[in-house]
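Work through the exercises below with the model open beside you. Try each task before reading its solution.

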Amino acid sequence: MTSKSMTSNVTNKNDPKSINSRVFIGNLNTAIVKKADVEAIFGKYGKIVGCSVHKGYAFVQYVFERNARAAVAGEHNRIVAGQPLDISMAGDPKPYRPKAGQKRPISALY
């Protein structure tokens with residue numbers, strides 16, 4: 001969709017200090033949406049120090065946690081390239097979402 005970017009591709013999942021300033025973007029149509037597009041959408045919330053785009057999802061790394069939280073709140077329910085994005089803080093636990101036809105394990109009930 002847009003041109004090249006100068007932001008790092010590194011969103012270091014192993015750095016415990018940076019996990020709270022990282023945003024997960026799921027359900028991303030990466031056949032159409034490129035790294036520069038993700039940066040254009042999320043750059044308005046603060047300085048992006050890293051952005052990694054993978055098949056169907058991306059991570060955006062901000063300098064500060066407050067920027068990441070603002071991005072999650074501001075882009076909630078956003079539709080990009082015809083798909084509703086699944087946006088959350090990368091460090092937050094994921095809610096249990098069973099795949100169609102699967103039963104919840106007993107351990108998840110307690």
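**Exercise 1: Salt bridges**

Arg-69 is partly exposed because its relative accessibility is 39%; the class covers values between buried, under 20% relative accessible area, and exposed, over 50% (1.4 Å probe, protein chains only). The model is predicted: local features need pLDDT of at least 70, side-chain atom pairs count only at pLDDT 80 or more, and totals for chains, interfaces and linings use all residues. Residues are numbered from 1 along each chain as its sequence is written, and side-chain values use heavy atoms, with hydrogens and water left out.

Task: Find the salt-bridge partner of Arg-69, then work through the other salt bridges.

Solution.

Step 1. Fix the criterion: a side-chain nitrogen of Lys or Arg within 4 Å of a carboxyl oxygen of Asp or Glu. The structure holds four such salt bridges.

Step 2. Arg-69 meets Glu-65, at 2.8 Å from N to O. The two are four residues apart in helix H2, so about one helical turn separates them. Helices here are DSSP runs (H or I, at least four residues) and strands are runs of E (at least two), numbered from the N terminus. Glu-65 is partly exposed, at 34% relative accessibility.

Step 3. Go to helix H1. Lys-35 forms a salt bridge with Glu-39, with the closest N and O atoms 3.9 Å apart. Again the spacing is four residues, about one turn of the helix. Lys-35 is buried, with a relative accessible area of 17%. Glu-39 is buried too, at 13%.

Step 4. Turn to Arg-78 and Glu-75. Their closest N and O atoms are 2.8 Å apart, in a salt bridge. Arg-78 is partly exposed at 29%, whereas Glu-75 is buried at 2%. Shared partners join Lys-44, Glu-75 and Arg-78 into one network.

**Exercise 2: The sheet**

Task: In what order do the four strands lie, and which of them stand at the edges?

Solution.

Step 1. Read the order as E2-E3-E1-E6, an open sheet with antiparallel pairing. Two strands count as paired if DSSP finds at least two bridges between them.

Step 2. Locate the edges. Strand E2 (48-54) and strand E6 (86-89) each have a single partner strand, so one side of each has no neighbour in the sheet. From one strand to the next, the twist averages 15 degrees.

Step 3. Check the pairs around strand E1 (residues 22-26). E1 and E3 pair in the antiparallel sense over five bridges. Phe-24 stands opposite Phe-59 in E3, and Val-23 stands opposite Val-60. On the E6 side, four bridges join the antiparallel strands. There, Ile-25 has Ile-87 as its bridge partner.

**Exercise 3: Cover over E1**

Task: How many residues of E1 are buried, and which residues lie on each face?

Solution.

Step 1. Count the burial. Five of the five residues of E1 are buried, so the strand is largely enclosed by the rest of the structure.

Step 2. Split the faces. Arg-22, Phe-24 and Gly-26 are on one side, and Val-23 and Ile-25 are on the other.

Step 3. Look for helices on the sheet. H2 lies across E1, E3 and E6, and runs at about 155 degrees to E6. Such angles run from 0 to 180 degrees between N-to-C directions, with axes fitted to C-alpha atoms, for helices over the stretch in contact. Contact means heavy atoms within 4.5 Å.

Step 4. Inspect Ala-36, which belongs to helix H1. Ala-36 is buried, at 14% relative accessible area. Its C-alpha atom is 9.0 Å from that of Cys-51, which is 15 residues away along the chain.

**Exercise 4: A nonpolar patch**

Task: Which residues form the nonpolar patch on the surface?

Solution.

Step 1. Set the rule. Patch residues have over 30% relative accessible area and no salt bridge; like charges are joined within 9 Å, nonpolar side chains (Val, Leu, Ile, Met, Phe, Trp, Tyr) within 5 Å.

Step 2. Name the members: Val-49, Val-63 and Phe-64. Together they have about 230 Å² of accessible area, computed by the Shrake-Rupley method with a 1.4 Å probe; for residues, only the protein chains shown count as cover.

Step 3. Place Phe-64. Phe-64 is in the loop between strand E3 (57-62) and helix H2 (65-74). At 41% relative accessibility, Phe-64 is partly exposed.
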